[in-house]
There are 2 protein chains.
Amino acid sequence: MAEPLSDRCRTILEAIIEEHIATAQPVGSKALVGRCGLNLSSASVRNVMAELEELGLLQSPHTSAGRVPTDKGYRYYVERLLRVDRLNRKTEEQIEAQCRHRSLQMAELLRQANRTLSSLVNYTGLVMLPRLQSTVFRHIEFVRLGPHQILAVFITQSGLVQNKLIQIEEDLSARDLEQISNYLNQTMAGMSIQAARTNILVEMAKEKALYDQLLQRAFQLSQTALNDDGGDVFIEGTSHLLEQPEFLDMPRMKRLFQTFEQKHTLLNLLDQGLQGQGVRVLIGSEIEHQEIAGCSLITAAYSGRNGKLGALGIIGPNRMPYASVIPMVEFTASMVSRMLNRTSAEE
Amino acid sequence: MAEPLSDRCRTILEAIIEEHIATAQPVGSKALVGRCGLNLSSASVRNVMAELEELGLLQSPHTSAGRVPTDKGYRYYVERLLRVDRLNRKTEEQIEAQCRHRSLQMAELLRQANRTLSSLVNYTGLVMLPRLQSTVFRHIEFVRLGPHQILAVFITQSGLVQNKLIQIEEDLSARDLEQISNYLNQTMAGMSIQAARTNILVEMAKEKALYDQLLQRAFQLSQTALNDDGGDVFIEGTSHLLEQPEFLDMPRMKRLFQTFEQKHTLLNLLDQGLQGQGVRVLIGSEIEHQEIAGCSLITAAYSGRNGKLGALGIIGPNRMPYASVIPMVEFTASMVSRMLNRTSAEE
DNA sequence: ATCTAGCACTCATGAACGAAGAGTGCCAGA
DNA sequence: TCTGGCACTCTTCGTTCATGAGTGCTAGAT
């Protein structure tokens with residue numbers, strides 16, 4: 001973006017993009033002056049268009065077909081032209097109501113929020129569960145299922161519940177398990193899972209621990225129980241994509257859905273989003289996974305008491321009504337954060 | 001099926017259906033004699049075809065387009081003509097390996113099995129979690145999260161773990177909770193959830209219970225904890241459907257995917273399947289939900305120690321290689337059952 | 001200098017047409 | 001009872017052609 005664009009260029013670029021967002025069609029000079037009330041002739045518009053194409057903000061699918069915004073064009077639009085809508089009060093209430101709905105566990109809250117978001121924006125909604133490592137320990141409990149089988153249940157500060165089945169060699173009585181969990185709950189209260197795990201390693205090496213059978217067992221159990229199995233993503237509303245004209249082509253659609261099924265790509269994308277501030281918009285080729293070429297991703301982080309936990313957002317075609325989608329994603333994330341803080345604050 | 005079909009009719013019907021399964025195209029008389037080694041002229045085949053059409057087993061999309069099997073045709077084929085393949089040893093091992101894979105919780109086992117099945121048959125895989133009501137109680141545990149918040153964790157005989165967040169009015173100490181869960185674990189051991197719930201209602205009304213605060217609390221808690229919130233279905237491999245030529249038409253595809261998202265229709269379908277014996281095949285209009293018109297569903301029940309728990313299966317176009325798909329669904333279900341019995345038998 | 005009107009040119013889209021080919025039904029003869 | 005043959009039906013596919021949206025360029029107006 002070497003030279004700043006003239007006012008005229010900006011107005012026209014904006015008009016073109018908004019027209020294209022509305023119609024999904026390439027927009028031509030005549031149609032543009034006709035539809036929007038520009039005080040210009042189509043010829044002048046054409047000149048400007050040529051200029052914008054020169055700059056790489058527009059492109060024409062073929063000679064006689066009007067212009068379409070490029071990824072760069074959308075980027076410019078989002079950064080410099082876009083005026084984000086104020087959120088409709090009704091929409092806010094809807095999101096709020098869905099989140100508040102019942103006494104929800106964290107996973108359910110996220111799923112619910114995701115579902116509402118997706119159906120409000122009419123695109124596919126994504127939400128990642130918090131990475132365990134970054135969350136804060138709250139409580140752990142062991143249930144003896146059999147002589148070699150233990151169920152570990154542990155809960156994070158933010159209210160995430162995790163079950164894990166653990167196979168062990170030697171038997172442990174219910175009493176043993178109770179002692180172990182009591183000990184762990186005291187020791188690890190308020191630590192991040194990561195801290196807890198390293199802390200355990202340290203404790204394990206200490207002299208007195210070496211000779212205490214039960215302590216050793218406690219450490220081993222918690223080590224497996226707190227092991228992160230790699231995060232998860234909820235996806236909601238994939239069917240919305242099927243009604244977008246840009247997704248008519250099947251092989252492309254198929255690749256996209258396969259990516260959805262594997263989840264790890266999406267997890268990566270959401271995870272990356274945790275770095276920055278506020279809403280993050282990735283447009284087309286800015287997403288570095290070619291399986292999801294031509295899509296835009298809008299994400300925002302949600303956070304608990306101790307900072308960011310995860311991210312949620314939506315994915316759709318480049319041609320998205322950013323002005324309305326961005327605030328919805330933002331609001332949903334903040335709503336989720338608020339709910340999470342509330343539950344953990346009840347302590 | 002008033003008059004039984006002649007041998008010739010049967011051979012030709014079979015040939016037509018298999019040809020159509022292979023090519024996805026309407027099959028004509030000439031093509032049929034050419035491809036399969038029938039000792040007949042195309043004219044004779046035509047006569048037979050006309051007859052089969054008369055009987056409603058075939059239909060022609062239009063005058064000059066060959067014949068396509070009807071739902072009734074497929075039904076006849078599945079019931080009387082189909083010779084099911086013997087399962088490839090390699091395939092069996094693959095399914096087995098995936099299920100055995102790690103120390104899996106029930107939900108994970110089902111998810112894993114479903115994924116493998118789906119990718120083996122190349123259609124969409126479905127599996128329902130057991131309906132709580134029909135499962136057997138094994139263990140319950142309450143964790144105090146805050147003055148008004150309790151997490152109930154309970155486990156069924158088959159290894160299904162359920163968490164539920166419960167809001168309460170008055171505070172209960174960790175000790176109280178321990179007593180409550182001890183009591184419940186003793187009382188309800190080995191009962192079905194349904195039996196347990198009614199049993200609790202009976203106990204609650206007894207005289208001594210009326211004056212025992214803690215008992216009352218125990219009953220209330222367990223009542224909410226054991227409440228079935230309605231079952232769940234895992235869906236895997238929806239992208240496979242996108243490569244089927246019969247799903248090229250978007251609106252239809254969209255309806256289908258929406259149905260997948262809502263889940264309750266699928267849950268119904270799988271639930272129904274629990275009645276009968278063995279593998280259940282539903283073809284086209286036999287599925288009574290018009291949102292999924294033109295699909296076939298192949299399901300089989302999986303069971304634990306105490307009888308059927310749930311069902312799994314696959315959904316795809318009518319035109320499916322039943323001969324190979326049916327045994328895979330069957331084997332997967334039996335594999336899952338075996339794994340479930342094993343875990344609960346370790347007790 | 002800047003904008004506009006006009007013009008020639010390009011190219012996708014869609015209708016119309018026709019040939020090709022696949023398939024059918026029916027009849028007459030083996 | 002089967003088969004070969006024949007007339008007929010329809011879809012499919014390629015071709016052609018007209019239409020119209022859109023462009024770039026240039027000359028003239030402001």
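**Exercise 1. The contact between the two chains**

Task: In this predicted model, find how many residues of chain B are in contact with chain A, and say which elements of chain B supply them.

Solution.
Step 1. Count both sides: 29 residues of chain B are in contact with 29 residues of chain A.
Step 2. Assign the residues of chain B to elements. At least two residues each come from β4 (137-146), β5 (149-156), β6 (161-167) and α11 (250-262) of chain B. The element that gives the most is α11(B), with six residues.
Step 3. Sort this side of chain B by class: eleven residues are nonpolar, twelve are polar and six are charged.
Step 4. Compare the two sides. Of the interface residues of chain B, 100% are also interface residues in chain A, so the copies meet through the same surface.

**Exercise 2. The relation between the copies**

Task: Work out what kind of axis relates chain B to chain A.

Solution.
Step 1. Lay chain B on chain A. This takes a turn of 180 degrees and a shift of 0.0 Å along the axis, and the RMSD is 0.1 Å.
Step 2. Read the result: the two copies are therefore related as by a two-fold rotation axis.
Step 3. Locate the axis in chain B. The C-alpha nearest the axis belongs to B:V153, at 4.1 Å from it.

**Exercise 3. The surfaces near the DNA**

Task: Describe which residues and elements lie around DNA strand C, then do the same for DNA strand D.

Solution.
Step 1. Take DNA strand C. There are 22 residues around it, and those that come nearest are A:T63, A:S64, B:G28, B:S29 and B:S64.
Step 2. Name the elements. α3 (42-54) of chain A, and α2 (29-35) and α3 (42-54) of chain B, each supply at least two residues of this surface. α3(B) gives the most, with four residues.
Step 3. Sort the surface near DNA strand C by class: eight nonpolar, eleven polar and three charged residues.
Step 4. Turn to DNA strand D. Of the 21 residues around DNA strand D, the nearest are A:G28, A:S29, A:S64, B:S44 and B:S64.
Step 5. Here α2 (29-35) and α3 of chain A and α3 of chain B each supply at least two residues. The largest share, four residues, comes from α3(A).
Step 6. The classes near DNA strand D are eight nonpolar, ten polar and three charged residues.

**Exercise 4. One residue inside a chain**

Task: Decide whether B:L184 is buried or exposed, and place it in chain B.

Solution.
Step 1. Find the element: B:L184 is in helix α7 (residues 174-188) of chain B.
Step 2. Apply the cut-off. A residue is buried if 20 or more other C-beta atoms lie within 10 Å of its own. B:L184 has 24 within 10 Å, so B:L184 is buried.
Step 3. List the contacts, leaving aside neighbours within four places in sequence: B:I140, B:A218 and B:S222.

**Exercise 5. The form of chain A**

Task: Is chain A a compact globule or more spread out?

Solution.
Step 1. Note the secondary structure: chain A has 13 helices and ten strands.
Step 2. Compare the radius of gyration with the globule rule. For chain A the radius is 26 Å, well over the 20 Å that the rule gives for 347 residues, so chain A is more spread out than a compact globule.
Step 3. Add the box: the C-alpha atoms of chain A fill roughly 90 × 40 × 35 Å along the principal axes.
Step 4. Add the burial: 43% of the 347 residues in chain A are buried.

Key: Residues numbered from 1 in each chain as written. Chains lettered and ligands numbered in written order. Predicted model: local features only at pLDDT ≥ 70, side-chain atom pairs only at ≥ 80, totals over all residues. Least-squares fit on C-alpha atoms with pLDDT ≥ 70 in both. Contact = placed C-beta atoms within 7 Å. Nonpolar A, V, L, I, M, F, W, Y, C, P; charged D, E, K, R; others polar. Near = placed C-beta within 6 Å. Buried ≥ 20, exposed ≤ 12 C-beta atoms within 10 Å, placed from the backbone. Rg over C-alpha atoms; globule rule 2.2 N^0.38 Å.
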